[in-house]
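Thanks for coming. I have one structure to go through today, so let me put it up.

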Amino acid sequence: MPQKKRTNYYKDLSANYSRPGLISPELGAKLVAEAERIVSLKESTLPEINADYTLEQIEQENKDWWPTHCEALRQGRGDILTEEYREDLIYFCQDGPYYGLDEQKEREKHWWALIAQPGVTMCWPIVMFSGEHTFFEWKCIDLETNETLAKGNVTWVRRGHRGACYLKTEQLTFYRDVFAPESLIELITTA
């Protein structure tokens, strides 16, 4: 049986976050501005999936959102990342479960500080979309030593721009450090 053809997961997306060095500062700034616009579209009530808001539209919105999410994370924009969640978020991971936006804030702040620290680049080599579902694998690469300091895989259930993320599941592994020092925490933008 022949080997299955490899996939470029970014071929139809506006930017490629599969490895370091592919995003210019200008594109990064444009994507952060778009991320700020997208989070402003979140509605207070989860919108219904129907003829006016179809799974196809939601999937396209998730594809449009994806590069903005990656850039917000690379830039340590915890304020944007928090706004990507619904108030009633359910977050399943080995440190959880977390319910709502307050339970995971302290823990996630450390994760963001470690994966967005200077000299480290977060990459997402795999990302797949199906309606509301976005699955991805990520890793953080130390640009000096080329070691992987953290990695994981995540599924977001995100009802497009209007609904945002209401369920997140994640397996994450940190190989180096678990809690960020205060000097890195101070680099994360919070609301």
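I will cover the internal cavities, then the cysteines, then one helix, and finally the aromatic side chains.

One caveat before the cavities: this is a predicted model.

How many cavities of 30 Å³ or more does a search of the whole structure find? There are two of them. The largest holds about 180 Å³ of space, and the second largest has a volume of about 50 Å³.

Take the largest cavity. Its lining has 20 residues, and those nearest the centre are Leu73, Trp112, Ile115, Lys168 and Glu170. By character, the lining divides into 15 nonpolar residues, one polar and four charged. As for where the lining comes from, at least two residues each are supplied by helices H2 (55–74) and H4 (105–115), and by strands S1 (85–92), S3 (120–130), S4 (133–142), S5 (148–158) and S6 (165–174).

Now the second largest cavity. Its lining consists of Ile38, Val39, Lys42, Trp65, Glu83, Glu84, Arg158, His161 and Ala164. Here the split is four nonpolar, one polar and four charged. Keep Trp65 in mind from that lining, as the aromatic part returns to that residue.

Next, the cysteines. How many disulfides does the structure hold? The count is zero. For Cys70, the nearest cysteine sulfur belongs to Cys123 and is 9.5 Å away. A disulfide would need the two sulfur atoms within 2.5 Å. Cys70 is also buried, its relative accessible area being 0%. Cys140 is in no disulfide either, and its nearest cysteine sulfur, again that of Cys123, lies 7.8 Å away. Cys140 too counts as buried, at 0% relative accessibility.

On to helix H4, which already came up as one of the elements lining the largest cavity. Is H4 enclosed or open? Eight of its eleven residues are buried, so the helix is largely enclosed by the rest of the structure. The buried ones are Arg107, Glu108, His110, Trp111, Trp112, Ala113, Leu114 and Ile115. Two of these, Trp112 and Ile115, are among the residues nearest the centre of the largest cavity.

Last topic, the aromatics. The count comes to ten aromatic pairs, and I will show two.

In one, Tyr17 and Trp124 meet edge-to-face, with 6.0 Å centre to centre and 75° between the planes. Tyr17 lies in the segment before helix H1 (25–39) while Trp124 is in strand S3, so this pair ties together parts that are 107 residues apart in sequence. Tyr17 and Trp124 are both buried.

The other pair is Trp65 with Trp66, also edge-to-face, at 5.8 Å centre to centre and 70° between the planes. Trp65 is buried at 1% relative accessible area, and Trp66 is buried at 0%. Trp65 is the residue I flagged in the lining of the second largest cavity.

Which residues form one aromatic cluster? They are Tyr17, Trp65, Trp66, Tyr85, Trp124, Phe136 and Trp156. Both pairs I just described therefore sit within one cluster, by the membership list.

One final contact involves a charge and a ring: Arg162 lies over the face of Tyr53, 4.2 Å from the ring centre.

That is the end of the tour.

Methods: Residues numbered from 1 in each chain as written. Predicted model: local features only at pLDDT ≥ 70, side-chain atom pairs only at ≥ 80, totals over all residues. Heavy atoms only, no water. 1 Å grid on protein atoms, 1.4 Å probe; cavity = no way out; pocket = protein on both sides within 12 Å on 5 of 7 lines; lining within 4 Å. Points joined across faces, edges and corners; volume = space filled by probe spheres on them. Helix = DSSP H or I, 4+ residues; strand = E, 2+ residues; numbered from the N terminus. Nonpolar A, V, L, I, M, F, W, Y, C, P; charged D, E, K, R; others polar. Buried < 20%, exposed > 50% of the residue type's maximum accessible area, 1.4 Å probe, protein only. Phe/Tyr/Trp six-rings, centres within 6.5 Å; stacked < 30°, edge-to-face > 60°. Lys NZ or Arg CZ within 6 Å of the ring centre and 35° of its normal.
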